[in-house]
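Please look through the protein model shown here and work through its features by question and answer, with each term explained where it comes up.

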Amino acid sequence: MQMAKGVPVATVAVNNATNAGLLAIRMSGVGDADLLARMNQYQEDTRDYVLTKAEKLRKDGWEAYLN
């Protein structure tokens with residue numbers, strides 16, 4: 001789809017409501033400090049979760065990780 005010049009657009013993956021919701025919260029957070037703080041905390045928690053999984057994968061290898 002083509003948008004007119006000057007119209008901001010954002011895209012998210014098909015069937016990925018989580019990313020669409022996070023984008024909406026980020027945009028809404030511009031005017032709501034509490035919402036922005038909660039979004040930042042969610043991102044930090046997610047980062048920690050992913051880094052923990054990545055370390056397990058690195059340490060144990062992919063076969064052990066999947067089993």
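Q: In what order do the elements of the protein chain run from the N terminus on?
A: This is a predicted model, in which local features need pLDDT of at least 70 and side-chain atom pairs count only at pLDDT 80 or more, while totals for chains, interfaces and linings use all residues. Residues are numbered from 1 along each chain as its sequence is written, and side-chain values use heavy atoms, with hydrogens and water left out. Helices (H or I, at least four residues) and strands (E, at least two) are DSSP runs numbered from the N terminus, and the protein chain has three helices and zero strands. From the N terminus on, the order of the elements is therefore α-α-α.

Q: What percentage of the residues of the protein chain count as buried?
A: A residue is called buried under 20% relative accessible area, exposed over 50%, and partly exposed in between, with a 1.4 Å probe and protein chains only. By this rule, the buried share of the 67 residues in the protein chain is 3%.

Q: How much area does the protein chain expose?
A: Accessible areas come from the Shrake-Rupley method with a 1.4 Å probe, and for residues only the protein chains shown count as cover. Carbon and sulfur atoms supply 58% of the exposed area of the protein chain, and the whole of that area is about 6000 Å².

Q: How far apart are the end C-alpha atoms of α2?
A: The expected span of a helix is 1.5 Å times one less than its number of residues. For the 28 residues of α2 this gives 40 Å, which agrees with the distance between its end C-alpha atoms, namely 41 Å.

Q: Which residue caps the N-terminal end of α2?
A: A polar contact is a pair of N or O atoms within 3.5 Å; within protein, one must be able to donate a hydrogen and the other to accept it, and residues adjacent in sequence count only if both atoms are side-chain atoms. At the N-terminal end of α2, the backbone nitrogen of D34 lies 3.1 Å from a side-chain oxygen of the capping residue, D32.

Q: Which residue forms a salt bridge with R58?
A: A salt bridge is a side-chain nitrogen of Lys or Arg within 4 Å of a carboxyl oxygen of Asp or Glu, and by this rule the count comes to three. R58 is exposed, because its relative accessibility is 61%, whereas its partner is partly exposed at 38%. The two lie three residues apart in helix α2, about one turn of the helix. With the closest N and O atoms 2.6 Å apart, the partner of R58 is E55.

Q: Why are D34 and R38 separated by about one helical turn?
A: The side chains of D34 and R38 meet in a salt bridge of 3.8 Å, N to O. D34 is partly exposed at 48% relative accessible area, while R38 counts as exposed at 55%. D34 and R38 are separated by about one helical turn because their spacing in helix α2 is four residues.

Q: Which residues does R26 touch, not counting residues up to four places away in sequence?
A: R26 has its place in helix α1, residues 17–28, and it counts as partly exposed because its relative accessibility is 43%. Its C-alpha atom is separated by 6.8 Å from that of L36, 10 residues apart along the chain. Taking contact to mean heavy atoms within 4.5 Å, the residues that R26 touches are M39 and Q43.
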